[in-house]
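Student: Could you take one part of this model and walk me through it closely? I would like to see how its pieces sit together.

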Amino acid sequence: MPVTQIAWVVALVVTVVVVIVGLIIALIRVRVGGGSAHVEDKVAEARLEAQRILARAEEEARARAEKQRATEEEELGRQKEVVDTQRARIAQREERLEQQAANLDERERLLLDREVEAKRLREEAQEVEDQAWSDLTRLAGLDRTEARRQIMDRVEHEARRDAMMLIRDIEIRSREEAEWRSRGILAGVVQRMSHEVVKDATSTMIELPSEHMKGRIIGREGRNIRAFEAATGVSLIIDDKLPEAVVLNSFDPVRREVARLALEALIVDGRLNPTSVEESVAKAESEVSHAIRDAGEWALLEVNLSKMRPELVELLGQLRYRTSYGQNVLDHLVESAHAAGLLAGELGVDPVPVKRAALLHDIGKAVSHKLEGSHAHVGAEIARRLGEDPEVVHGIEAHHNEVAPRTVLAVLVQAADTLSAARPGARRESYEQYTQRLEGLEAIATSYSGVQKAYAFQAGREVRVLVDPRQVDDLTAGALARQIARQVEDEMQYPGRVEVTVIRESRYTDYAR
């Protein structure tokens, strides 16, 4: 029902209700005692009130109807805009579909044209093939079947030969790539772990502030020097060939370090007597003890390990003052642990136990001079007694093949030990052998006629030979490279292989004036 009709009905109902109420009130008053004139007045007032109420209802109904009409017109306007937008989108889609249909028709036409062209080319190719077969059978005196069989046999033979050559090349490349990758891994590990190696000797020289200090060190009738040697267990050598220096000589590096600190403190203090010697030695022993613990803790932090027994930390620290072929043992253990961790990471093995075994593999050298047996056996027993993992213990005792390695960890410890000890310059013996190999390679190359210079590269794995182009031609250069390589094979010992490169170069220079 429209809003206007509803308003009219409401107004009529209100008017009727007001009139009825007025009549009821009038009747009540008449009964109470009012006159008819008063009743008429009341009825008239009720009628006027009903008319006013009806007028207000009509006005409100018209206002509401106008508002509703405006709202409906606004909503119709919005719906019209939405419909217009959708119509525009539909029109755009129809245009795109028409364009796509036109493109598809064009593509279909092009495909049909290509199919026709391809059919024509196939027919022409077949005609050429038939003509070729006809000419071939006519010239060879064979029928088509026999000629096809011979051609297929020849093609099969060539294909097999090419396949064999391809397989051989793939195998060679695979071996070379495997060798290259393994060398790359080892070289990367060596480069990442390499650092300066401390080299110690069995003697330590201490400089003196003046020559007369020697007399004070000796003391009256040699009391000071005897007290010093008795307290430290180190020989104190005073030689006239060293005017302002003395030498401490001992095969025990810890004792030698204690003696060095004590003597330096005595020289600075200036009080030299048996009592001050004993006090200075006691203080130096305390300092060395602290230094040993600090060195062991430093090694653990350096390789990122923790939770190690204090006894093992103490033994690690003692190795700071021990050397092997001039290489500091503690530095060697830290290097080995780094190398073992890197190798384990490359192979996908848990690096923590591998680094632990590598760090402890020479722990027996700290006490091997006091116990019987090899340092590998002694170190394994110490680690076993102090509760190390059996796999770590096996890696320690197998690092010199005294026990056959049974685990990947043991093999990695061996490889890391070899990397740290055998790399060029790590140890005195290795450095000398490395230098001799380079000199031997260059000497072999320069012994041939026509060779001007020879240089050994890459730790002796490559030799480059510069020849005089007036004496050595291209053919002779190739033969010279083979001769040098054969002589190197016969006379030298080396790991891997040595590449010999002969370089023949002609240069002509002139000047414009």
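**The sheet and its surroundings**

Tutor: Let's start with one pair of residues: Leu236 stands opposite Leu248 in S3. This is a predicted model, in which local features need pLDDT of at least 70, side-chain atom pairs count only at pLDDT 80 or more, and totals for chains, interfaces and linings use all residues. Residues are numbered from 1 along each chain as its sequence is written, and side-chain values use heavy atoms, leaving out hydrogens and water.

S2 and S3 run antiparallel and are joined by three bridges; strands pair if DSSP finds at least two bridges between them. Strands (E, at least two residues) and helices (H or I, at least four) are DSSP runs, numbered from the N terminus. The open sheet has three strands in the order S1-S3-S2, with antiparallel pairing. Its edge strands are S1 (203-207) and S2, each pairing on one side only. From one strand to the next, the twist averages 25°.

Now add the helices. H6 lies across S1, S2 and S3 and runs at about 10° to S1, where angles, from 0 to 180 degrees, are between N-to-C directions of axes fitted to C-alpha atoms.

H5 (residues 223-232) has Asn224, Ile225, Ala227, Phe228 and Thr232 buried, that is, under 20% relative accessible area with a 1.4 Å probe, protein chains only. Seen down the axis of H5, these residues fall within an arc of 160°, so they line one face of the helix; the arc is that of directions from the axis to the C-beta atoms. Their cover includes S2 (235-237), S3 (245-249) and H6 (253-269), along with H4 (213-218) and H7 (274-302). Just after H5, Gly233 takes a positive phi of about 75°.

Notes: Buried < 20%, exposed > 50% of the residue type's maximum accessible area, 1.4 Å probe, protein only. Contact = heavy atoms within 4.5 Å.
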